[in-house]
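Below are some notes from a careful read of the model, set out point by point for discussion. Please keep the structure open while going through them.

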Amino acid sequence: MDDTDLMEIGVTNASHRDRIISEAKHLPNVKLLTKSDEQMTVDQWLQSLKLNEYKHSFKSNGYSEMSRVRNLWEVELNTVLEINKLGHRKRILASLGERLRLIEDLGLDDLDFDKLV
């Protein structure tokens, strides 16, 4: 979380935001999902993130395979899966890693983006 996120959830006092950010640095990092982790089930992955309460939501919305979960975007977390807690969405997205790897996943790594201008 950053200062903007805290403002968004209603922490308006600057010293409170600073303290929360300072203390949050002591929290363990979220483990990045790797290709080998796709062998784990969605339930196991959610358990590793300590987000068991979303198991039913993932299953009932068709997210039963890690290959599908890996392509989730924040808008889907919020609107489809109804994960309203910003910290939970951020934890899931942190586990999924940077969206820039999508270029690699699509096999577009040999595309020269400089030529698109």
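**Notes on the predicted model**

1. Glu74 is partly exposed, with a relative accessible area of 32%, and it is a convenient residue to begin with in what is, throughout, a predicted model. Its side chain meets that of Arg89 in a salt bridge, with 3.1 Å from N to O. The two partners belong to distant parts of the chain, since Arg89 lies in helix α7 and Glu74 in helix α6 (residues 74–79), 15 residues apart. Arg89, by contrast with an exposed residue, counts as buried at 7% relative accessibility, a value that falls under the 20% limit used for that class.

2. How many salt bridges does a search of the whole structure find? The search returns 4, and one of them joins the side chains of Lys90 and Asp5 at 3.0 Å, N to O. Because Lys90 lies in helix α7 (residues 86–96) and Asp5 in helix α1 (residues 3–8), this pair ties together parts that are 85 residues apart in sequence. The two ends sit in unlike surroundings: Lys90 is partly exposed at a relative accessible area of 32%, while Asp5 is buried at 8%. As general background, side chains of opposite charge can pair when their charged atoms come close.

3. A further salt bridge joins the side chains of Asp43 and Lys59, with an N to O distance of 2.9 Å. This pair again links distant parts of the chain, with Asp43 in helix α3 (residues 42–48) and Lys59 in helix α4 (residues 55–60), 16 residues apart.

4. The aromatic side chains deserve a separate point, as the structure holds 2 aromatic pairs. Trp45 and Phe58 make an edge-to-face pair, 5.9 Å from centre to centre and with 75 degrees between the planes. Here too the link runs between distant parts of the chain, from Trp45 in helix α3 to Phe58 in helix α4, 13 residues apart. Trp45 is buried, with a relative accessible area of 2%, and Phe58 counts as buried at 0%. Phe58 also forms an edge-to-face pair with Tyr63, at 6.1 Å centre to centre and 75 degrees between the planes. Tyr63 is buried, as is Phe58, and Trp45, Phe58 and Tyr63 together form one aromatic cluster.

5. What sits over the ring of Tyr63? It is the charged end of Arg68, placed 4.1 Å from the centre of that ring.

6. Which residues touch the most other members of the largest nonpolar core? Of its 17 residues, these are Trp45, Phe58, Val69, Leu72 and Ile92. The elements that give two or more residues to this core are α3, α5 (66–69) and α7, and α3 gives the most, with 3 residues. Leaving aside residues up to four places away in sequence, Val69 touches Val42, Trp45, Phe58, Tyr63 and Leu96, a list that includes the members of the aromatic cluster, Trp45, Phe58 and Tyr63. In soluble globular proteins, nonpolar side chains tend to be buried together.

7. Two backbone angles are worth checking by eye. Lys50 has a positive phi of about 60 degrees although it is not a glycine; it lies in the loop between α3 and α4 and counts as exposed at 67% relative accessibility. Glu82, also a residue other than glycine, has a positive phi near 55 degrees; it is found in the loop between α6 and α7 and counts as exposed at 56%.

8. For the chain as a whole, the secondary structure comes to 8 helices and 0 strands, so that the pattern read along the sequence is α-α-α-α-α-α-α-α. Buried residues make up 26% of the 117 residues. Among contacts between residues at least 6 apart in sequence, 51% join residues at least 24 apart. The protein chain exposes about 8,300 Å², of which carbon and sulfur atoms supply 52%.

Notes: Residues are numbered from 1 along each chain as its sequence is written. This is a predicted model: local features need pLDDT of at least 70, side-chain atom pairs count only at pLDDT 80 or more; totals for chains, interfaces and linings use all residues. Side-chain values use heavy atoms; hydrogens and water are left out. Helices (H or I, at least four residues) and strands (E, at least two) are DSSP runs, numbered from the N terminus. Buried means under 20% relative accessible area, exposed over 50%, partly exposed in between (1.4 Å probe, protein chains only). Rings of Phe, Tyr and Trp (its six-membered ring) pair if their centres lie within 6.5 Å; planes under 30 degrees apart count as stacked, over 60 as edge-to-face and the rest as tilted. A charge sits over a ring if NZ of Lys or CZ of Arg is within 6 Å of the ring centre and within 35 degrees of the ring normal. Contact means heavy atoms within 4.5 Å. Accessible areas come from the Shrake-Rupley method with a 1.4 Å probe; for residues, only the protein chains shown count as cover. A nonpolar core is a set of buried Ala, Val, Leu, Ile, Met, Phe, Trp, Tyr and Cys residues joined through side-chain atoms within 4.5 Å.
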